[in-house]
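Trainee: Before I use these terms in my own notes, could you take me through the ones that apply here and hold each against its definition?

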Amino acid sequence: MKKPLNEMTLVFWSRSANEGFSRAAAAAFFSQLDPTVEELADIKTAVSEAVTNCIVHAYRDTLGKIKLTARIYEGGGVYIQIKDSGCGIADVKKAMEPLFTTCETGERAGLGFAVMQSFMDKVSVRSAPGKGTTVTLRRTLSSRGADEPQPR
């Protein structure tokens, strides 16, 4: 993989208040590409879904750390990785099916991964029970600004 033009990493607790923080931070970071309002909204929604999965499913009723890494590549390439050290997913393929949820109260629709897939070019998930989950989101933006941020 090519060297990123810019990168940032955030680590935060799995508190629900940090879902909004993570999506705002990702949006602020990717704003340097001068994306359209729709592209930025898509990124914010995908990040929100991935972080919410960590908060609701990975750590359930406990606190744990979530690591968000964001990178910008030449040509408007966007890379976002959301990683937790929570309970993990036993069957990733099943978990990615629309309407699947581990929430027994019926409060969750089970559409998180489907939403991520609808807004990103590629979504990949790696997970192991007891070891956590890593969600990687990729997209190429059709940025209005042709100029990319230059390394300093």
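**Helices, sheet and core**

Trainee: Why is the crossing of helix 1 and helix 2 called right-handed?

Mentor: Helix 1 passes helix 2 in a right-handed crossing, a word used if the near helix is turned clockwise from the far one by less than a right angle, whereas an anticlockwise turn would be left-handed. Bear in mind that this is a predicted model, in which local features need pLDDT of at least 70 and side-chain atom pairs count only at pLDDT 80 or more, while totals for chains, interfaces and linings use all residues. Residues are numbered from 1 along each chain as its sequence is written, and side-chain values use heavy atoms, with hydrogens and water left out.

Trainee: What makes these two helices a contacting pair, and which residues form the contact?

Mentor: Contact means heavy atoms within 4.5 Å, and residues that make it include Ser22, Ala26 and Phe30 of helix 1 and Leu40, Ile43 and Val47 of helix 2. By class, the contact has eight nonpolar, four polar and three charged residues; here Ala, Val, Leu, Ile, Met, Phe, Trp, Tyr, Cys and Pro count as nonpolar, Asp, Glu, Lys and Arg as charged, and the others, Gly among them, as polar. The axes, which are lines fitted to C-alpha atoms over the stretch in contact, with angles from 0 to 180 degrees between N-to-C directions, come within 9 Å and cross at roughly 145°.

Trainee: How many helices and strands are there in the protein?

Mentor: The protein has four helices and five strands, and their pattern along the sequence is β-α-α-β-β-α-α-β-β. Both kinds of element are DSSP runs numbered from the N terminus, with at least four residues (H or I) for a helix and at least two (E) for a strand.

Trainee: What makes strand 4 and strand 5 a pair?

Mentor: Two strands pair if DSSP finds at least two bridges between them, and seven bridges join strand 4 to strand 5, which run antiparallel; the pair therefore meets the definition. Among the bridge partners in strand 5 are Leu137 for Val123 and Thr136 for Ser124. Three residues lie between the strands of this hairpin, where Gly130 takes a positive phi near 80°.

Trainee: How do you know that strand 3 is paired on two sides?

Mentor: Strand 3 pairs with strand 2 in the antiparallel sense over eight bridges, and eight bridges also join strand 3 to strand 5. Arg71 stands opposite Tyr79 in strand 3, while Lys83 stands opposite Thr134 in strand 5. In the hairpin of strand 2 and strand 3, Gly75 has a positive phi of about 75°.

Trainee: Why are strand 1 and strand 4 said to stand at the edges?

Mentor: The open sheet of five strands has the order 1-2-3-5-4, with antiparallel pairing. Strand 1 (6–13) and strand 4 (122–128) each have a single partner strand, so one side of each is left without a neighbour in the sheet. Helix 1 lies across strand 1, strand 2 and strand 3, whereas helix 4 lies across strand 4 and strand 5.

Trainee: What makes strand 3 largely enclosed?

Mentor: Buried means under 20% relative accessible area, exposed over 50% and partly exposed in between, with a 1.4 Å probe and protein chains only. Seven of the eight residues of strand 3 are buried, so the strand is largely enclosed by the rest of the structure.

Trainee: How do you know that Leu141 is buried?

Mentor: Leu141, in the segment after strand 5, has a relative accessible area of 5%, which is under the 20% cut-off, so the word buried applies. Residues that Leu141 touches include Leu33, Pro35, Ile43 and Val78. Its C-alpha atom is separated by 7.0 Å from that of Glu39, 102 residues away along the chain.

Trainee: What makes a group of residues a nonpolar core, and which members of the largest one touch the most others?

Mentor: A nonpolar core is a set of buried Ala, Val, Leu, Ile, Met, Phe, Trp, Tyr and Cys residues joined through side-chain atoms within 4.5 Å. The largest one has 35 residues, of which Phe30, Ile80, Ile82 and Leu137 touch the most other members, and its largest share, nine residues, comes from helix 2. Contacts of Phe30 beyond its neighbours within four places in sequence include Leu40, Ile43, Ile72 and Ile80.
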